[in-house]
Amino acid sequence: TFFGVFGHFGQSNRKTPKVIRHLAILNMERGKDSTGIALVSKDKTIIYKDILPADRFFDYELQRELNNHRLQPFCLYMGHTRAATHGAVTIENSHPFTEKDLVFTHNGVIRNFYELQHTYKTRYEVDSQMIGYLLTKKHIDGLDELAGYFTAPYISRQEPDVLRVAIHSNIFTYAIRGNQMFYSSTKEHLERALANKPGFKFTEITRTDKS
């Protein structure tokens, strides 16, 4: 399995940025070519990404930005670690991606990427970008054209308080406590990152359909 996805959605507290960094480092096992994170709130979206493994990506300056972001009443941290498959290892090819109003990340592989590129005359370098293209062009129905497997958290900047996740032949794991939700590539990641924080309910969704 390629790539790692992780994040937080809802109301943050002072511990949230530390948990995010912990989840990022746990996801290094799924990719070290690059790391990225989108900070989304009602008023703005900021994306940081670099061709660094997570343990080097989360420096003092970025942690300060994550701490500032948690002061929003309701916010999203959308993170990703990449193991390059399609496309060179560059900052531009790192997640999160944007497509019109969408911000998204992807865990998985789109096996018919080149066929879709030919069909739609697109010139993306990364197979993941086709997910954003089809979502903006055809909404959720567009995902029926994808072959392969994916977990793709995405959000519209027009609806920053609604996080959606497209899943096909893959899993999505999350932990909820009150109005906080953390997610990561595996349940084990969440259990380790939240080990000393009681009250979370852990859920793992496995889907064979696109939803």
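User: Against which elements do the buried residues of α5 pack?

Analyst: This is a predicted model, in which local features need pLDDT of at least 70, side-chain atom pairs count only at pLDDT 80 or more, and totals for chains, interfaces and linings use all residues. Residues are numbered from 1 along each chain as its sequence is written, and side-chain values use heavy atoms, with hydrogens and water left out. Helices (DSSP H or I, at least four residues) and strands (E, at least two) are numbered from the N terminus. With contact meaning heavy atoms within 4.5 Å, the buried residues of α5 pack against β5 (97-99), β6 (102-104), β7 (107-110), α4 and β8 (148-156).

User: Which residues of α5 are buried?

Analyst: Buried means under 20% relative accessible area, exposed over 50% and partly exposed in between, with a 1.4 Å probe and protein chains only. Seven of the ten residues of α5 meet the buried criterion, so the helix is largely enclosed by the rest of the structure. They are Gln129, Met130, Ile131, Gly132, Tyr133, Leu134 and Leu135.

User: Which residues of α5 does α4 meet?

Analyst: The axes of α4 (residues 113-120) and α5 (residues 129-138) come within 11 Å and cross at roughly 45 degrees; axes are lines fitted to C-alpha atoms, for helices over the stretch in contact, and angles run from 0 to 180 degrees between N-to-C directions. From α4, Phe113, Leu116, Gln117 and Tyr120 take part, and their partners in α5 are Met130, Tyr133, Leu134, Lys137 and Lys138.

User: Which residue follows α5, and what is the sign of its phi?

Analyst: The helix α5 ends at residue 138. The residue after α5 is His139, and its phi, near 60 degrees, is positive.
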